[in-house]
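Subject: Structure handover

Hello,

Here is the structure I promised to pass on. Please open it first, then read the notes below it.

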Amino acid sequence: MAEAVTRALVGALQERGCSSVELIATPEGLPLYRKLGFDPAAHYLTLRHPLAAAGTARPATAGGAA
């Protein structure tokens, strides 16, 4: 089922003119994605930041804006 869904999504994206697809995969999913033509992109780093709780200050961005 996962293979069929992934093939359908990739096909739909190609039909809409997308030239590449990036995904975040678990080690368990890697064999399927490699089978479908995805290659690891080791130069990417995925980072996650928790959203601030309501009413708390956001960290300042470059240039001093908050």
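The protein has 2 helices and 0 strands. Please keep in mind that this is a predicted model. The helices are α1, residues 2-15, and α2, residues 30-35.

Burial and surface

The protein has 66 residues, and 6% of them are buried. About 6100 Å² is exposed. Carbon and sulfur atoms supply 60% of that area.

One nonpolar patch turned up on the surface. Met1, Val5 and Leu9 make it, and it covers about 370 Å². Leu9 belongs to helix α1. Its relative accessibility is 54%, so Leu9 counts as exposed, the cut-off being over 50%.

Salt bridges

How many salt bridges does the structure hold? There are 2. In general, side chains of opposite charge can pair when their charged atoms come close.

Glu3 pairs with Arg7 in one salt bridge, with 2.9 Å between the closest N and O atoms. Both residues sit in helix α1. They are 4 residues apart, which is about one turn of the helix. Arg7 has a relative accessibility of 48% and therefore counts as partly exposed. Glu3 is at 25%, so Glu3 is partly exposed too.

Glu3 also forms a salt bridge with Lys35. Here the closest N and O atoms are 3.0 Å apart. This pair links distant parts of the chain, with Glu3 in helix α1 and Lys35 in helix α2. In sequence, 32 residues separate Glu3 and Lys35. Their C-alpha atoms are 9.2 Å apart. Shared partners join Glu3, Arg7 and Lys35 into one network of salt bridges.

Is Lys35 buried or exposed? Lys35 is exposed, because its relative accessible area is 56% and the cut-off for exposed is over 50%.

The largest pocket

Next, the open space. Rolling a probe the size of a water molecule over the atoms shows where empty space is left.

The largest pocket holds about 670 Å³ of space. It is lined by 25 residues. Which of them are closest to its centre? They are Val21, Glu22, Leu23, Phe38 and Asp39. Two elements, α1 and α2, give two or more residues each to the lining. Helix α1 gives the most, with 5 residues.

By class, the lining of this pocket has 16 nonpolar residues. Another 6 are polar, and 3 are charged.

Phe38, one of the residues closest to the pocket centre, lies in the segment after α2. Why does Phe38 count as buried? Its relative accessibility is 15%, and buried means under 20%, so Phe38 falls in that class. Val21 is also among the residues closest to the pocket centre. Phe38 and Val21 are 17 residues apart in sequence. In space, their C-alpha atoms are 8.4 Å apart.

Leu30 and Pro40

One more pair is worth a look in the viewer. Leu30 is in helix α2. Its relative accessibility is 37%, so Leu30 counts as partly exposed. Leu30 and Pro40 are 10 residues apart in sequence. From C-alpha to C-alpha, the distance between Leu30 and Pro40 is 8.7 Å.

Where to look

Three stops cover these notes.

- Glu3, Arg7 and Lys35, for the salt-bridge network.
- Met1, Val5 and Leu9, for the nonpolar patch.
- Val21, Glu22, Leu23, Phe38 and Asp39, for the residues closest to the centre of the largest pocket.

Over to you.

Best wishes

How values were computed
Residues numbered from 1 in each chain as written. Predicted model: local features only at pLDDT ≥ 70, side-chain atom pairs only at ≥ 80, totals over all residues. Heavy atoms only, no water. 1 Å grid on protein atoms, 1.4 Å probe; cavity = no way out; pocket = protein on both sides within 12 Å on 5 of 7 lines; lining within 4 Å. Points joined across faces, edges and corners; volume = space filled by probe spheres on them. Nonpolar A, V, L, I, M, F, W, Y, C, P; charged D, E, K, R; others polar. Buried < 20%, exposed > 50% of the residue type's maximum accessible area, 1.4 Å probe, protein only. Areas by Shrake-Rupley, 256 points an atom, 1.4 Å probe, with all protein chains shown as cover. Patch = residues over 30% accessible without salt bridge, like charges linked within 9 Å, V, L, I, M, F, W, Y side chains within 5 Å. Salt bridge = Lys/Arg side-chain N within 4 Å of Asp/Glu carboxyl O.
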